[in-house]
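Me: Please give a close account of the pockets of this protein and of the annotated residues around them. A connected description, suited to computational work, would be welcome.

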Amino acid sequence: MEEYFMGEALREAQKAFDLKEVPIGAVVVKDGNIIGRGYNLRETLKDPTAHAEILAIRQASQTLGGWRLYGCDLYVTIEPCPMCAGAILLSRINRLIIGAMDPKGGAAGSLLNIPEDGRFNHHTEVIQGVLEEECSAIMKVFFQELRKNK
């Protein structure tokens with residue numbers, strides 16, 4: 001099941017790629033159903049908070065009618081930044097499943113580990129490396145094309 005839902009997050013990432021946005025995608029899953037989807041739209045919306053995770057969390061919260069996403073899992077193609085890791089923690093997501101890590105900016109195991117930091121009153125389990133090669137590849141292609149077109 002983890003590969004299936006990460007595949008759905010990759011489909012979201014492809015939407016961002018097609019818009020020339022950094023190709024990160026996310027889906028929120030509860031009881032085997034996707035209740036929130038998102039992909040990066042920072043450039044399109046001119047909004048620094050329009051990250052895939054934030055948009056997926058917002059949609060899931062609307063679907064459930066509340067901000068507490070108990071029993072939900074978030075699948076994201078690239079390790080979340082500090083802002084998104086904080087939103088994941090504060091929304092009470094149960095598990096965070098990551099495709100590829102981000103050693104330069106990740107806050108769920110690379111630079112920091114906000115979701116599993118024992119100093120907070122809620123903890124989110126982190127699972128790494130689901131469809132890692134595919135999640136990493138779309139980012140590499142995106143940035144290669146970006147450099148080539150400059």
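Reply: The description below begins with the pockets, passes to the annotated residues, and ends with the two helices that accompany them. The model is a predicted one.

The largest pocket has a volume of about 490 Å³. Its lining comprises 22 residues, and those nearest the centre are Ile24, Ile78, Asp102, Met139 and Phe143. Helix H5, which covers residues 132–148, makes the greatest contribution to this lining, with 6 residues. Sorted by class, the lining of the largest pocket contains 10 nonpolar, 5 polar and 7 charged residues.

The second largest pocket has a volume of about 180 Å³. Phe17, Asp18, Lys20, Phe142, Glu145, Leu146 and Asn149 form its lining. Helix H1 (2–18) and H5 each provide at least two of these lining residues, and H5 gives the most, with 3. The classes here are 3 nonpolar, 1 polar and 3 charged residues.

The annotated positions come next. In an unreviewed entry, UniProt lists His51, Cys81 and Cys84 under "binding site". These residues span 34 residues in sequence, yet no two of their C-alpha atoms are more than 9.3 Å apart, so they gather at one spot. Of this set, His51 and Cys81 belong to the lining of the largest pocket.

Histidine 51 lies in the loop between helix H2 (42–45) and helix H3 (52–64). Its relative accessible area is 12%, and histidine 51 is therefore buried. Leaving out residues up to four places away in sequence, histidine 51 touches Asn40, Arg42, Cys81, Met83 and Cys84. Two members of the annotated set, Cys81 and Cys84, are thus found among the contacts of histidine 51.

Cysteine 81 occupies the loop between strand E3 (72–78) and helix H4 (82–90). Its relative accessibility is 19%, and cysteine 81 counts as buried because the limit for that class is under 20%. Apart from neighbours within four places in sequence, cysteine 81 is in contact with His51, Gly105 and Ala107.

A further annotation concerns glutamate 53. The UniProt label "active site", again from an unreviewed entry, covers Glu53. Glutamate 53 is located in helix H3 and, at 4% relative accessibility, counts as buried. With neighbours within four places in sequence set aside, glutamate 53 is in contact with Ala26, Leu74, Val76, Ile78, Pro80 and Cys84. Among these contacts, Cys84 carries the "binding site" annotation in the UniProt record, and Ile78 is one of the residues nearest the centre of the largest pocket.

Helix H3 supplies the setting of glutamate 53. H3 consists of 13 residues and reaches 18 Å from its first C-alpha to its last, close to the 18 Å expected at 1.5 Å a residue. The buried residues of H3 are Ala52, Glu53, Ile54, Leu55, Ala56, Ile57, Ala60 and Ser61. They pack against strand E1 (25–30), strand E2 (33–39), E3 and H4. Glycine 65 follows H3 and has a positive phi, near 80°.

Helix H1 leads back to the second largest pocket, since it supplies at least two residues of that lining. What distance should H1 span at 1.5 Å a residue? For the 17 residues of H1 the figure is 24 Å, and the end C-alpha atoms are 24 Å apart, which agrees. Phe5, Met6, Gly7, Glu8, Ala9, Leu10, Glu12, Ala13, Ala16 and Phe17 are the buried residues of H1. Their cover includes E1, E2, E3, strand E4 (95–100) and H5. Phe17 appears in the lining of the second largest pocket as well as among the buried residues of H1.

Arginine 11 also lies in helix H1. With a relative accessible area of 47%, arginine 11 is partly exposed. Arginine 11 and arginine 37 are separated by 26 residues in sequence and by 10.0 Å in space, C-alpha to C-alpha. Just after H1, lysine 20 adopts a positive phi of about 65°; Lys20 is also one of the residues that line the second largest pocket.

Terms used: Residues are numbered from 1 along each chain as its sequence is written. This is a predicted model: local features need pLDDT of at least 70, side-chain atom pairs count only at pLDDT 80 or more; totals for chains, interfaces and linings use all residues. Side-chain values use heavy atoms; hydrogens and water are left out. On a 1 Å grid over the protein atoms alone, a cavity is a set of points where a 1.4 Å probe fits but cannot get out, and a pocket is an open set with protein on both sides within 12 Å along at least five of seven lines; lining residues have an atom within 4 Å of a point. Grid points are joined across faces, edges and corners, and a volume is the space filled by probe spheres set on the points. Helices (H or I, at least four residues) and strands (E, at least two) are DSSP runs, numbered from the N terminus. Ala, Val, Leu, Ile, Met, Phe, Trp, Tyr, Cys and Pro count as nonpolar, Asp, Glu, Lys and Arg as charged, and the others, Gly among them, as polar. UniProt positions are given in the numbering used here, feature names are shortened, and annotations may be inferred rather than shown by experiment. Buried means under 20% relative accessible area, exposed over 50%, partly exposed in between (1.4 Å probe, protein chains only). Contact means heavy atoms within 4.5 Å. The expected span of a helix is 1.5 Å times one less than its number of residues.
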